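Here is a short walk through a protein model, written for someone who would rather look at the structure than at a list of values. Keep the viewer open as you read.

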Amino acid sequence: MVTVLNLPCLTNAKKLLWTFQKLGFPLRETIRIIANRYQKKSSISLKEAEEAVSEKIHWLVANDYHLTMSAINQGKTISEVESGSEVSKSLRELAGTFFRKVRKSGFDLR
């Protein structure tokens, strides 16, 4: 689940987690929270965000509005525009975690 560390988004994330729980989803085994557009000097700290949703935030994607908009407007990926940026590295590493989990499960990606 992807959220942004602001009050409306965290409130909605908490409601969605509650809904998942009521539907019987095993939250601890299946749901991971990703904070998108993360800024270290945000008015809501990572700790406060985790307390707000009563869950650990598992991944942080850096905020780089100008780079992201540049990539969108050029029709390119962020990595194509600036592969060494913090947001590019974070997204690449996040994708790698999914790839490793799929490979461990024995699923053939070919």
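Before we start, one term is needed: contact here means heavy atoms within 4.5 Å. With that in hand, we can place a helix against the sheet: helix 3 lies across strand 2 and strand 3, and its direction makes an angle of about 135 degrees with strand 3. Please keep in mind that this is a predicted model.

## The overall plan

The protein has 6 helices and 3 strands. Reading from the N terminus, the elements follow the order β-α-α-β-α-β-α-α-α. The C-alpha trace spans about 40 × 40 × 20 Å along its principal axes. Of the 110 residues, 26% count as buried. Among contacts with a separation of 6 or more, 55% come from residues 24 or more positions apart.

## The sheet

How are the strands arranged? They form an open sheet of 3 strands in the order 1-2-3, with parallel pairing. Strand 1 (2-4) and strand 3 (57-62) are the edge strands, each pairing on one side only. From one strand to the next, the twist averages 30 degrees.

Each pairing can be followed in the viewer. Strand 1 and strand 2 run parallel and are joined by 3 bridges; here V2 has I34 of strand 2 as its bridge partner. Strand 2 and strand 3 also run parallel, joined by 4 bridges, and I33 stands opposite I57 in strand 3.

## Two nonpolar cores

Which residues have the most contacts inside the largest nonpolar core? They are L5, L10, L17, A49, V53 and I57, in a core of 14 residues. Helix 1 (7-22), strand 2 (33-38) and helix 3 (46-53) are the elements that give two or more residues to this core. Helix 1 gives the most, with 4 residues.

L17 is a good residue to click on. Not counting residues up to four places away in sequence, L17 touches M1, L27, I31, I33, V53 and E55. V53 is listed with L17 among the residues with the most contacts inside the core.

There is also a second, separate core of 8 residues, which includes I34, L67, A71 and L94. I34 is the residue we met above as the bridge partner of V2.

## A cavity beside L17

How much enclosed space does the model hold? Rolling a probe the size of a water molecule over the atoms shows where empty space is left. A search of the whole structure finds 1 cavity of 30 Å³ or more, and the largest cavity has a volume of about 30 Å³. Its lining consists of L17, L27, I31, R32, I33, E55, K56 and H58. Several names will look familiar: L27, I31, I33 and E55 are among the residues that L17 touches.

## Four residues worth a closer look

Two serines and two residues with positive phi can be set side by side by their relative accessibility.

| Residue | Location | Relative accessibility |
|---|---|---|
| S88 | helix 6 (residues 86-104) | 2%, buried |
| S85 | loop between helix 5 (78-82) and helix 6 | 4%, buried |
| R37 | strand 2 | 41%, partly exposed |
| S54 | loop between helix 3 and strand 3 | 46%, partly exposed |

Why does S88 count as buried? Its relative accessibility is 2%, and buried means under 20%. Leaving aside neighbours within four places in sequence, S88 is in contact with I78, S79, E82 and S83. S85 is buried too, because its relative accessible area is 4%. With the neighbours within four places in sequence again left aside, S85 is in contact with L67 and I78. I78 is thus listed for S88 as well as for S85, while L67 belongs to the second core.

The other pair is of interest for the backbone. R37 has a phi near 55 degrees, a positive value in a residue other than glycine. S54 has a positive phi of about 60 degrees, although S54 is not a glycine either. R37 sits in strand 2, whereas S54 is in the loop between helix 3 and strand 3. Since partly exposed covers the range between under 20% and over 50%, R37 at 41% falls into that class, and S54 at 46% does too.

Definitions and conventions: Residues are numbered from 1 along each chain as its sequence is written. This is a predicted model: local features need pLDDT of at least 70, side-chain atom pairs count only at pLDDT 80 or more; totals for chains, interfaces and linings use all residues. Side-chain values use heavy atoms; hydrogens and water are left out. A nonpolar core is a set of buried Ala, Val, Leu, Ile, Met, Phe, Trp, Tyr and Cys residues joined through side-chain atoms within 4.5 Å. Buried means under 20% relative accessible area, exposed over 50%, partly exposed in between (1.4 Å probe, protein chains only). Two strands pair if DSSP finds at least two bridges between them. Axes are lines fitted to C-alpha atoms, for helices over the stretch in contact, and angles run from 0 to 180 degrees between N-to-C directions. On a 1 Å grid over the protein atoms alone, a cavity is a set of points where a 1.4 Å probe fits but cannot get out, and a pocket is an open set with protein on both sides within 12 Å along at least five of seven lines; lining residues have an atom within 4 Å of a point. Grid points are joined across faces, edges and corners, and a volume is the space filled by probe spheres set on the points.
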